[in-house]
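Visitor: I'd like a close look at one part of this model, a single residue and what surrounds it. Could you pick one, start there and then work outwards to the empty spaces?

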Amino acid sequence: MKRILSLLFVISLFAVIPAQAQFKFGVKAGVNLAEAPSDIESLQGLSAEGTTGFFVGPMAKFTIPVLGLGLEADALYSRTGAEVAGEKINKNSIEIPVYLRYDFALPLISKVAVPFIAVGPQFGFAFGSTDEMTDWGKYEYKKSNLSLNLGAGAILLSKIQVHLNYNIALGETSELTGITGAWQGAKNAMDSKTNTFQISAAYLF
């Protein structure tokens with residue numbers, strides 16, 4: 001009898017969760033604060049730094065209120081870049097982050113603010129011009145890349161989401177080739193990674 005009751009409880013739980021699940025759609029926009037491309041400054045006299053960009057696009061959020069767990073998926077147009085030896089190189093891409101979220105529905109403040117943490121992969125696909133020829137060589141962004149997002153934020157008044165995120169490159173994001181002149185080191189090609197801080201706000205419908 002206990003086994004039958006346990007089975008009925010599990011079945012009823014799986015029946016209730018989809019009914020209680022909350023789906024929300026929204027529009028997200030934010031700022032990319034790119035760090036300096038890694039390794040490039042190891043070439044003597046060659047300076048490198050990240051630039052400020054932006055991103056914008058739709059988002060969808062799925063939450064199970066009882067458990068606080070949920071998923072978020074975005075489709076974002078993103079612009080970022082780097083400045084190497086005084087030359088700016090921009091990157092345009094479509095970024096698809098997928099977050100596993102946990103929302104903290106705290107009783108005293110949940111109607112005003114619901115804090116959350118989020119983690120998950122991001123898939124990026126660059127388009128348009130992604131390279132720049134200069135006196136010191138050719139700097140080029142990879143056409144696709146995989147990264148990891150770690151972030152936290154809050155949903156305010158059930159409508160506004162603010163999110164601070166750190167995007168960690170899991171593979172090379174750019175390549176420096178044909179290094180010449182005063183900047184030439186032990187090799188004439190170098191792969192590099194760029195991590196990015198992101199600040200965003202979204203309106204949930």
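Guide: Sure, let's start with I155, which sits in strand β10, residues 144-156. Keep in mind that this is a predicted model. Is I155 buried or exposed? I155 counts as buried because its relative accessibility is 8%, and the cut-off for buried is under 20%.

What does I155 touch, once residues up to four places away in sequence are left out? The list runs K61, R101, D103, V112, A113, V114, F116, I160, Q161 and L204. Take V112 from that list: 43 residues separate I155 and V112 along the sequence, yet their C-alpha atoms are 8.1 Å apart in space. For the chain as a whole, consider the contacts with a separation of 6 or more: 64% of them are between residues 24 or more positions apart.

I155 also belongs to the largest nonpolar core, a set of 8 residues, with M59, Y99, V114, F116, A118, A202 and L204 as the other members. Two elements give two or more residues to this core, namely β7 (113-127) and β14 (196-204). β7 has the largest share, with 3 residues. Apart from this core there is another one, of 7 residues, including A48, A82, V84 and I89.

Y99 is another member of the largest core to click on. Again skipping residues up to four places away in sequence, Y99 touches K28, G70, L71, E72, D74, A118, V119, G120, N149, H163 and N165. Y99 also turns up in the lining of the second largest cavity, together with K28, F55, L76, P97, Q122, H163, N165, Q198 and S200. That cavity holds about 60 Å³ of space. β6, β11 and β14 are the elements that give two or more residues to its lining. Sorted by class, the lining has 4 nonpolar, 5 polar and 1 charged residues.

Now for the other empty spaces. Rolling a probe the size of a water molecule over the atoms is how leftover empty space shows up. How many cavities of 30 Å³ or more does the structure hold? There are 2, and the largest has about 220 Å³ of space in it. Its lining is made up of 18 residues, and T80, K91, E95, N167 and T196 are the closest to its centre. Strand β10, where I155 lies, is one of the elements that supply at least two residues of this lining, along with β1 (22-34), β5 (76-84), β6 (87-103), β11 (160-169) and β14. By class, you get 3 nonpolar, 13 polar and 2 charged residues around this cavity.

The largest pocket is worth a look too, with a volume of about 350 Å³. It has 17 lining residues, and Q22, T63, D103, A105 and V114 lie nearest its centre. Two of those, D103 and V114, are also on the contact list of I155. β1, β3 (52-63) and β6 each give at least two residues to the pocket lining. The class split here is 9 nonpolar, 5 polar and 3 charged.

Zooming out, the protein chain has 1 helix and 14 strands. Of its 205 residues, 38% count as buried, and I155 is one of the buried residues. The chain exposes about 11200 Å², with carbon and sulfur atoms supplying 67% of that area.

Note on methods: Residues are numbered from 1 along each chain as its sequence is written. This is a predicted model: local features need pLDDT of at least 70, side-chain atom pairs count only at pLDDT 80 or more; totals for chains, interfaces and linings use all residues. Side-chain values use heavy atoms; hydrogens and water are left out. A nonpolar core is a set of buried Ala, Val, Leu, Ile, Met, Phe, Trp, Tyr and Cys residues joined through side-chain atoms within 4.5 Å. Buried means under 20% relative accessible area, exposed over 50%, partly exposed in between (1.4 Å probe, protein chains only). Helices (H or I, at least four residues) and strands (E, at least two) are DSSP runs, numbered from the N terminus. Contact means heavy atoms within 4.5 Å. Accessible areas come from the Shrake-Rupley method with a 1.4 Å probe; for residues, only the protein chains shown count as cover. On a 1 Å grid over the protein atoms alone, a cavity is a set of points where a 1.4 Å probe fits but cannot get out, and a pocket is an open set with protein on both sides within 12 Å along at least five of seven lines; lining residues have an atom within 4 Å of a point. Grid points are joined across faces, edges and corners, and a volume is the space filled by probe spheres set on the points. Ala, Val, Leu, Ile, Met, Phe, Trp, Tyr, Cys and Pro count as nonpolar, Asp, Glu, Lys and Arg as charged, and the others, Gly among them, as polar.
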